[in-house]
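Here's a quick tour of one chain, with a closer look at a helix and an arginine. Have the structure open as you read.

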Amino acid sequence: MSLSRRQVAAAAVSSIPLAFATTGTAQAGGRHHPRTLYIAGDSTAAQKYSDAAPETGWGMALPFFLRNGLRVANHAVNGRSSRSFVDEGRLDAVLGAIRPGDFLLIQFAHNDEKDEDPARYTEPWTTYQDYLRRYVAGARARGARPVLATPVERRRFDAEGNAVPSHGEYPAAMRALARQEGVALLDVQVLSLALWQRLGAEGTKAYFNWTATEQDNTHFNPPGAIAVARLVARELLRGRVLAHRDVRRLEEEIPGSWISWPAPATA
């Protein structure tokens, strides 16, 4: 049985995890509604559940750095690229919910890079930028503000102990698109690479999902997710996407125990 695009979008809304911070209000069309920061992205940002713990998406930690008056709707999903997120109707689902005064934070590349998978692959300077433009245009058409975030770096070091970039031309392509479209850019790739360099090859193991049974150099544990969320929050402030009144705890220690993993959703 084939599904219409509307049915796919409706299913996407019901299946996407949402993590909310405390709420406030924004004015739109004479009515008040909570001002919301939507996240469209992949597994590095996504909500995780108890069966995946201690794996943690940075979107789970972002509310710790936002003040009352702004909530987070985390639509990031494991394994998605800028292409597959659109093709599955997930962008339609976000755009169906987003309202004037909201934000759409867009972070993709990890899965766009998979050239062996035509359902997800995009080429940095053509199709990747083309898909990102759809997010930007969709947000703007609804009175929301698009924000591009370069992909957070993987844990990768060379033999000399230098943190090595892993995303090829995708960050540069996103930076160029941000300039062309006049979109705020959070350069998470540069900042996370610098952070991993400071921590070193051994120190970064405490930030990634390294367990007794797994050595994962892409996904984070609670300290790693908190560290990346802090970078994102600082960039939102630096880029004047958010004001000082919107952020908190940027210099405070956030305990990993604040992270919680809900039980997996059941059909």
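Helices (H or I, at least four residues) and strands (E, at least two) are DSSP runs, numbered from the N terminus. Just after helix H6, Gly-182 takes a positive phi of about 65°.

This is a predicted model, where local features need pLDDT of at least 70, side-chain atom pairs count only at pLDDT 80 or more, and totals for chains, interfaces and linings use all residues. Residues are numbered from 1 along each chain as its sequence is written, and side-chain values use heavy atoms, with hydrogens and water left out.

The chain has eight helices and nine strands. Of its 267 residues, 54% count as buried (under 20% relative accessible area, 1.4 Å probe, protein chains only; exposed is over 50%, partly exposed in between).

Back to H6, residues 170–181: its twelve residues should span 16 Å at 1.5 Å a residue (1.5 Å times one less than the number of residues), and the end C-alpha atoms are indeed 16 Å apart. Buried residues in H6 include Tyr-170, Met-174 and Leu-177. The helix's buried residues pack against S5, H5, S6, S7 and H7 (contact means heavy atoms within 4.5 Å).

Now for Arg-120, which sits in the loop between strand S5 (103–107) and helix H5 (124–141). Is Arg-120 buried or exposed? Arg-120 is buried, with a relative accessible area of 19%. Its side chain has these N or O partners, paired within 3.5 Å, with one atom able to donate a hydrogen and the other to accept it:

| Partner of the Arg-120 side chain | Distance |
|---|---|
| Gly-79, backbone oxygen | 3.0 Å |
| Asp-117, side chain | 2.7 Å |
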